[in-house]
Amino acid sequence: VTNNHVIGDANEITVIFNSGLRLKAEVVGKDAKVDLAVLRVKHDKPLPAVKFGDSDKMRIGDPVMAIGNPFGLGGSVSSGIVSARNRDIQQGPYDTYIQTDAAINKGNSGGPLFNMAGEVIGINTAILSPTGGSVGIGFAVPSSLATSIVDQLKEFGETRRGWLGVRIQSVDDAT
């Protein structure tokens with residue numbers, strides 16, 4: 001799982017693991033409205049995985065850790081707290097971000113935001129910064145939103161949202 005803006009319209013994607021292992025990835029699906037994408041890598045040995053936790057259980061002040069690749073420094077870890085929940089930063093129709101003061105810089109996008117149990121409670125997505133570097137205001141898509149999007153991307157390759165059709169009929173047309 002990563003951000004849609006990280007992979008963009010890439011023709012080729014390589015996932016680099018902490019061990020140095022590099023695997024080609026294919027896009028399973030992506031959702032621009034929530035800025036998430038699911039990638040698939042294939043390897044002849046089982047790969048380690050982390051579990052999603054429940055972001056709805058996180059409270060302001062709870063400790064978190066952000067992992068990413070800021071400025072090309074892969075595997076960087078920063079720690080902080082949950083500063084706010086359900087934050088709307090005017091990025092789209094599904095703004096319910098977790099705000100954290102854990103250092104999130106350019107390159108952290110798509111990385112996990114962990115709770116202290118080692119569960120992913122968010123996907124690092126955005127920063128607010130006049131300089132482009134961390135000023136202690138970072139945002140993550142909460143796992144409570146991400147898990148349903150990820151499940152749909154894995155199953156359908158796209159997000160399927162409900163819609164309501166309304167038919168307006170003039171009084172003159174009514175019978």
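## Close-up views of a predicted model

**View 1. Thr 14 on its strand.** Thr 14 is partly exposed, because its relative accessible area is 34%, a value between the 20% cut-off for buried and the 50% cut-off for exposed. The structure shown is a predicted model. Thr 14 sits in strand E1. Setting aside neighbours within four places in sequence, Thr 14 touches Arg 22, Leu 23 and Lys 24. Val 38 lies 24 residues away from Thr 14 along the chain, and the two C-alpha atoms are separated by 13 Å.

**View 2. The open sheet E1-E2-E3.** Strand E1 belongs to an open sheet of 3 strands, ordered E1-E2-E3, with antiparallel pairing. E1 and E3 are the edge strands; each has a single partner strand, so one side of each has no neighbour in the sheet. From one strand to the next, the twist averages 50 degrees. Strands of a sheet pair through backbone hydrogen bonds. Strand E2 (residues 22-31) is joined to E3 by 6 bridges, and the two run antiparallel. One pair to pick out is Asp 31 with its bridge partner in E3, Leu 36. Helix H2 lies across E2 and E3, at about 50 degrees to E3.

**View 3. The barrel.** In what order do the 6 strands close into a barrel? The order is E4-E5-E6-E9-E8-E7, and the pairing is antiparallel. The twist here averages 45 degrees from one strand to the next. E4 and E5 pair in the antiparallel sense over 6 bridges. Within that pairing, Ile 67 stands opposite Val 77 in E5. Strand E5 (residues 76-87) also pairs with strand E6 (residues 97-100), antiparallel, over 3 bridges. Here Ala 84 faces Gln 99 in E6 as its opposite number. H2 lies across the barrel strands E8 and E9 (138-142), and runs at about 50 degrees to E9.

**View 4. Ile 121 and its surroundings.** Is Ile 121, a residue of the barrel strand E8, buried or exposed? Ile 121 counts as buried, because its relative accessibility is 0% and the cut-off is under 20%. Ile 121 lies in strand E8. Neighbours within four places in sequence are left out of the contact list that follows. The contacts of Ile 121 include Gly 53, Asp 54, Ser 55, Met 58 and Val 64. Also among them are Ile 98, Leu 113, Phe 114 and Asn 115. Val 141, Pro 142 and Ser 143 are in contact with Ile 121 as well. Ala 84, the residue opposite Gln 99 in E6, is 37 residues from Ile 121 in sequence and 14 Å away in space, C-alpha to C-alpha.

**View 5. The largest pocket.** The largest pocket has a volume of about 1,800 Å³. Its lining holds 41 residues, and those nearest the centre are Val 1, Val 15, Ile 16, Phe 17 and Gly 110. Several elements give two or more residues to this lining, among them helix H1 (4-7), strand E1 (13-16) and strand E3 (36-41). Strands E4 (63-68), E7 (112-114) and E8 (120-127) are also on that list, as is helix H2 (143-156). By class, the lining of the largest pocket has 24 nonpolar, 14 polar and 3 charged residues.

**View 6. The second largest pocket.** This pocket has a volume of about 150 Å³. Which residues, of the 14 that line the second largest pocket, are the closest to its centre? They are Val 34, Asp 35, Gln 91, Tyr 97 and Thr 125. The lining of the second largest pocket has 7 nonpolar, 4 polar and 3 charged residues.

**View 7. The whole chain, for orientation.** The protein chain has 2 helices and 9 strands. Along the sequence, these elements follow the pattern α-β-β-β-β-β-β-β-β-β-α. The C-alpha trace spans about 70 × 40 × 30 Å along its principal axes. Of the 175 residues in the protein chain, 37% are buried. Take the contacts between residues at least 6 apart in sequence: 52% of them join residues at least 24 apart.

Methods: Residues numbered from 1 in each chain as written. Predicted model: local features only at pLDDT ≥ 70, side-chain atom pairs only at ≥ 80, totals over all residues. Heavy atoms only, no water. 1 Å grid on protein atoms, 1.4 Å probe; cavity = no way out; pocket = protein on both sides within 12 Å on 5 of 7 lines; lining within 4 Å. Points joined across faces, edges and corners; volume = space filled by probe spheres on them. Helix = DSSP H or I, 4+ residues; strand = E, 2+ residues; numbered from the N terminus. Nonpolar A, V, L, I, M, F, W, Y, C, P; charged D, E, K, R; others polar. Pairing = 2+ DSSP bridges. Axes fitted to C-alpha atoms, helices over the stretch in contact; angles between N-to-C directions. Contact = heavy atoms within 4.5 Å. Buried < 20%, exposed > 50% of the residue type's maximum accessible area, 1.4 Å probe, protein only.
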